[in-house]
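Colleague: Please put the model on screen. I have some questions about backbone geometry and the ligand site.

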Amino acid sequence: MAGFQKLDTPTAQGPKGLAKVVLALFTKQATVTEVKALDERFTVITLQSPAFQGVRWVAGQKMQIMLGASFVARTYTPMEWNPETGCTRLFAYAHGDSPAGEWLASLSAGDRVHVFGPRNSLDLTGIASPIVVLGDETSIGLAYAIQQQNPTLAVLCMLEVNAREHTQVALTRLPVGTAELFERQPDDQHLQALEQNLPALVASGATFVLTGKASTIQRVRRVLKSLGTPAARMPTKAYWAPGKTGLD
Ligand SMILES: Cc1cc2nc3c(=O)[nH]c(=O)nc-3n(C[C@H](O)[C@H](O)[C@H](O)COP(=O)(O)OP(=O)(O)OC[C@H]3O[C@@H](n4cnc5c(N)ncnc54)[C@H](O)[C@@H]3O)c2cc1C
């Protein structure tokens, strides 16, 4: 009806009515205090909220962020957490034109966001060195978090990436220790080079933290299993899958 707005419809100005009540009940509100571009596709976002103070965070947890005023959420991994100041940082990769990509491009310091979490996702309790973070661009925040939480752990990152040069630039600005990059090739040919490293790593007793693209995880898990790696040494969480949106 002209002149009336549905009670629970979020608007460009922000959520109204019932939507506002739902957000207040189930999310925490945070302020974006810094948006730092490491490269054109890699951004570190700092969030601050009184609701983050006193929260006990562990590496591997996730946060879902509402993108703007819409009810669309995307999932990110806190890289670190300061329970005194209520600050956390996220490492976000913009893979292309997508809701998260558009949101990242428009984000600036001072913006207010609604978040769910942090909540448990990957259980990394008790993992021991050496650790191999096997994933892609979306796994970089996780690799950083693991080392932040326990700097004594020996961590190697093996990442399949769309553009080696750009990822390298981001990693010089956000060091995650030793990182080997495998640039994506047609028919996943790059995974052969990655897999050649696995027998020696399995023999060294490594724990493989598998995140990133679902089909790569499945394939690498099969190889690791055939090499005798027990499930306990392969904590796994798919971060995205072709054709699927907003995995949680
Ligand atoms: C537990 C968890 C933690 C995560 N942590 C992080 C993090 O710390 N940093 C981070 O950058 N991402 C992280 N992700 C991944 C991120 O949530 C997804 O990449 C998300 O789909 C991006 O939203 P979008 O709007 O760009 O794309 P969507 O609208 O969700 O998807 C649109 C299309 O893009 C494809 N797509 C999605 N992601 C990628 C990608 N990375 N590369 C290529 N194609 C893609 C989809 O398959 C789909 O076809 C995490 C995901 C989960 C489940």
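Colleague: In which strand is Pro118 found?
Modeller: This is a predicted model: local features need pLDDT of at least 70, side-chain atom pairs count only at pLDDT 80 or more, and totals for chains, interfaces and linings use all residues. Numbering starts from 1 along each chain as its sequence is written, and side-chain values use heavy atoms, with hydrogens and water left out. Helices (H or I, at least four residues) and strands (E, at least two) are DSSP runs, numbered from the N terminus. Pro118 falls in residues 112–119, strand E7.

Colleague: What is omega between Gly117 and Pro118?
Modeller: Most peptide bonds are trans. Gly117 and Pro118 are joined by a cis bond, with omega about 10°.

Colleague: Where is Pro130 found?
Modeller: Ser129 and Pro130 are joined by a cis peptide bond, with omega about -10°. Pro130 belongs to the loop between E7 and strand E8 (131–136).

Colleague: What is phi of Asp187?
Modeller: Most residues other than glycine have a negative phi. Asp187 is in the loop between strand E10 (178–183) and helix H5 (190–196). Its phi is positive, near 55°.

Colleague: How many residues surround the ligand?
Modeller: A residue counts if one of its heavy atoms lies within 4 Å of the ligand. The closest are Arg74, His95, Ser98, Ala241 and Gly246. The full count is 26.

Colleague: Which element gives the most to that shell?
Modeller: Strand E4 (73–76), strand E6 (87–93), helix H2 (99–106) and strand E12 (236–240) each supply at least two residues. The top contributor gives 4 residues: E12.

Colleague: How much of the ligand's accessible area does the protein cover?
Modeller: Take polar contacts (N or O pairs within 3.5 Å): a ligand oxygen is 2.8 Å from a polar backbone atom of Thr75, and a ligand nitrogen is 2.8 Å from a side-chain N or O atom of Thr77. A backbone N or O atom of Phe91 also lies 2.8 Å from a ligand nitrogen. Alone, the ligand has 930 Å² of accessible area (Shrake-Rupley, 1.4 Å probe). The protein covers 90%.

Colleague: Why does the ligand lie between two domains, and which are they?
Modeller: Domain bounds come from an automatic or database assignment. Both domains give residues to the shell, so the ligand lies between domain 1 (17–119) and domain 2 (131–240).

Technical notes: Polar contact = N/O pair within 3.5 Å; in protein donor to acceptor, adjacent residues only side chain to side chain.
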